[in-house]
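Here is a short tour for anyone who likes to know a fold before setting up a calculation. Please have your viewer open as you read.

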Amino acid sequence: MKHMLLLSNRPAVGSNATTILDHLNAIHRMPGFRVWEVSMVGDFPSTIDLSKFDAIGIHYTLHLSDERNHFFSEESIDRVSKFQGAKCTWMHDEYRNVDATLERLRRLKVDTVFSVVPDSIVKDIYAEEKLPATSVETVLTGYVDNGLKDQSWPPYSERKIDVGYRARPTPFWLGSLAQEKTTIGKRFAKESQGSGLALDISTDEEDRLYGRRWIKFLRNSKAMLCVESGASIFDFDGSIEQQVDRFVRRNPDASFEDVDHIVGEADRKFVANCLSPKIFEAAACGTLIVAYPGEYSKVLTPWVHYVPLEKDFSNLSEVISYVKDSELATPIIQRAYDDLVASGDYCYDQFAAFCAGKLPDRVARVGTYTAMSFWIDAHRSPSYIVRNYIAYGLQKILLSQQLRKKLLRVWFSLPEGVQKVVRPAFKIIGR
């Protein structure tokens with residue numbers, strides 16, 4: 001049995017980050033590994049003895065793309081770089097500050113990067129000359145949670161919502177792909193007027209649903225709209241994000257088309273078009289997937305697993321007929337469930353086994369922690385106590401859905417300058 005130290009910025013249980021918690025918990029189930037997790041921001045406790053581990057894993061919640069090293073400090077980078085065992089990272093949001101991220105991976109001497117970047121552009125993003133000793137392995141952004149398998153479905157005819165959808169506005173610097181998350185919902189609501197469909201569609205932040213409320217929403221919806229997740233701009237030096245944010249601050253009513261002079265050449269040069277975990281959740285709930293055509297990480301096939309909605313809405317009437325007719329919808333719903341959920345091919349246990357098999361076979365430890373000795377060493381650090389008890393306590397207070405909505409209204413009413421000053425405090429408590 002090998003021992004891994006997992007460094008993360010773990011959200012509090014009951015927060016809106018269900019997929020993050022599922023991902024972290026799956027890593028703990030890596031076969032052949034005992035995983036010891038430290039939730040941190042900045043530095044991990046210096047009292048933890050790295051010689052008692054065979055491997056170190058860095059989770060994507062410790063954003064290596066952060067220019068200020070707020071999540072993963074210089075001291076932490078230095079300690080990990082000197083570690084002689086296997087080292088891996090799980091990456092998300094790889095389109096941000098690419099050059100800075102690659103430099104940190106090089107300094108950390110990471111052996112394996114688990115990336116959600118499509119195979120077709122991996123070599124463009126993770127250039128071999130910049131990371132010659134690093135293996136890049138492609139994984140999905142999320143998988144099927146064990147709790148969603150083998151559940152019964154509400155009958156299609158008894159669901160109150162014909163088409164449901166939730167999304168949040170995305171920054172323009174993520175490119176045209178990311179804008180589809182809001183445009184599909186708004187356009188479907190407009191174009192389907194008079195169709196007789198019962199819609200529950202929103203792209204407002206305050207209407208977002210999480211955890212059990214999201215699953216309940218899916219189970220009450222006959223169909224859900226979907227698009228590919230990810231971004232169509234890779235910002236290598238951070239300049240695109242800075243220029244777009246500056247422009248939008250000066251022009252708060254600007255549309256995506258208004259920033260074309262900034263993002264034009266970069267948009268769609270490299271595209272990180274991924275399958276969203278929401279698709280697995282919809283399949284597990286027996287909800288018909290209505291989606292723009294796309295690659296979807298080579299998992300979905302149109303008319304087999306989902307009903308394709310052309311981006312120009314030219315086949316909208318056909319899509320509506322499938323939503324209204326259970327005999328047309330049911331075979332697609334069943335195939336999506338069989339192939340994506342019941343097959344087990346996309347479950348978190350498969351993900352955990354895949355990751356375990358890709359790490360270098362090196363044994364580095366010269367001692368072993370017990371649960372008690374690890375707890376003592378971690379808690380000898382005041383910063384760890386603040387992070388995991390005081391900050392989590394504050395976070396739990398903020399978990400009330402009603403309170404959260406009120407706070408979000410206040411937050412979005414603040415001037416950008418004030419948000420910029422306050423935002424680091426929110427990051428510390430894992431907002």
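The report below goes from the whole chain to a sheet, its helices, and then the empty spaces.

**The chain as a whole**

Please keep in mind that this is a predicted model. The protein chain has 431 residues, and 54% of them count as buried. Its secondary structure comes to 16 helices and 13 strands. If we take the contacts with a separation of 6 or more, 78% of them are between residues 24 or more positions apart.

**The six-stranded sheet**

A good place to start is an open sheet of six strands, which pair in parallel in the order 2-1-3-4-5-6. Its edges are strand 2 and strand 6 (135-138), each of which pairs on one side only. From one strand to the next, the twist averages 20°. As background, strands of a sheet pair through backbone hydrogen bonds, either parallel or antiparallel.

Strand 1 has two neighbours that can be followed bridge by bridge. With strand 2, strand 1 (residues 2-8) forms seven bridges in the parallel sense, and M4 has V35 of strand 2 as its bridge partner. With strand 3 (residues 55-58), strand 1 runs parallel and is joined by four bridges; here L6 stands opposite G57.

Is strand 2 mostly covered or mostly open? Strand 2 (residues 33-39) is mostly covered, with six of its seven residues buried.

**Helices against the sheet**

Helix 1 (residues 18-27) lies across strand 1, strand 2 and strand 4 (86-90), and runs at about 160° to strand 1.

Helix 2 (residues 74-81) has S76, I77, R79, V80 and S81 as its buried residues. What do the buried residues of helix 2 pack against? Their partners are strand 1, strand 3, strand 4 and helix 3 (98-108). For the geometry, remember that an α-helix has 3.6 residues a turn, so residues three or four places apart point the same way.

**Cavities and pockets**

The structure holds two cavities of 30 Å³ or more. The table sets the largest cavity beside the second largest pocket.

| Space | Volume | Lining | Residues nearest the centre |
|---|---|---|---|
| Largest cavity | about 100 Å³ | 13 residues | H63, L64, S65, M91, H92 |
| Second largest pocket | about 430 Å³ | 21 residues | D119, T138, V139, L140, S297 |

What is the make-up of each lining by class? In the largest cavity, the lining divides into five nonpolar, five polar and three charged residues. The lining of the second largest pocket has 11 nonpolar, six polar and four charged residues.

Strand 11 (272-274) and helix 12 (348-358) each supply at least two residues of the lining of the second largest pocket. The largest share of that lining, three residues, comes from helix 12.

**A residue in helix 12**

To finish, look at A353, which sits in helix 12. Why does A353 count as partly exposed? Its relative accessible area is 35%, and that class applies because the value falls between the 20% limit for buried and the 50% limit for exposed. A353 also shows how the chain brings distant parts of the sequence together: A353 and G32 are 321 residues apart in sequence, yet their C-alpha atoms are 9.0 Å apart in space.

Conventions:
Residues numbered from 1 in each chain as written. Predicted model: local features only at pLDDT ≥ 70, side-chain atom pairs only at ≥ 80, totals over all residues. Heavy atoms only, no water. 1 Å grid on protein atoms, 1.4 Å probe; cavity = no way out; pocket = protein on both sides within 12 Å on 5 of 7 lines; lining within 4 Å. Points joined across faces, edges and corners; volume = space filled by probe spheres on them. Nonpolar A, V, L, I, M, F, W, Y, C, P; charged D, E, K, R; others polar. Buried < 20%, exposed > 50% of the residue type's maximum accessible area, 1.4 Å probe, protein only. Pairing = 2+ DSSP bridges. Axes fitted to C-alpha atoms, helices over the stretch in contact; angles between N-to-C directions. Contact = heavy atoms within 4.5 Å.
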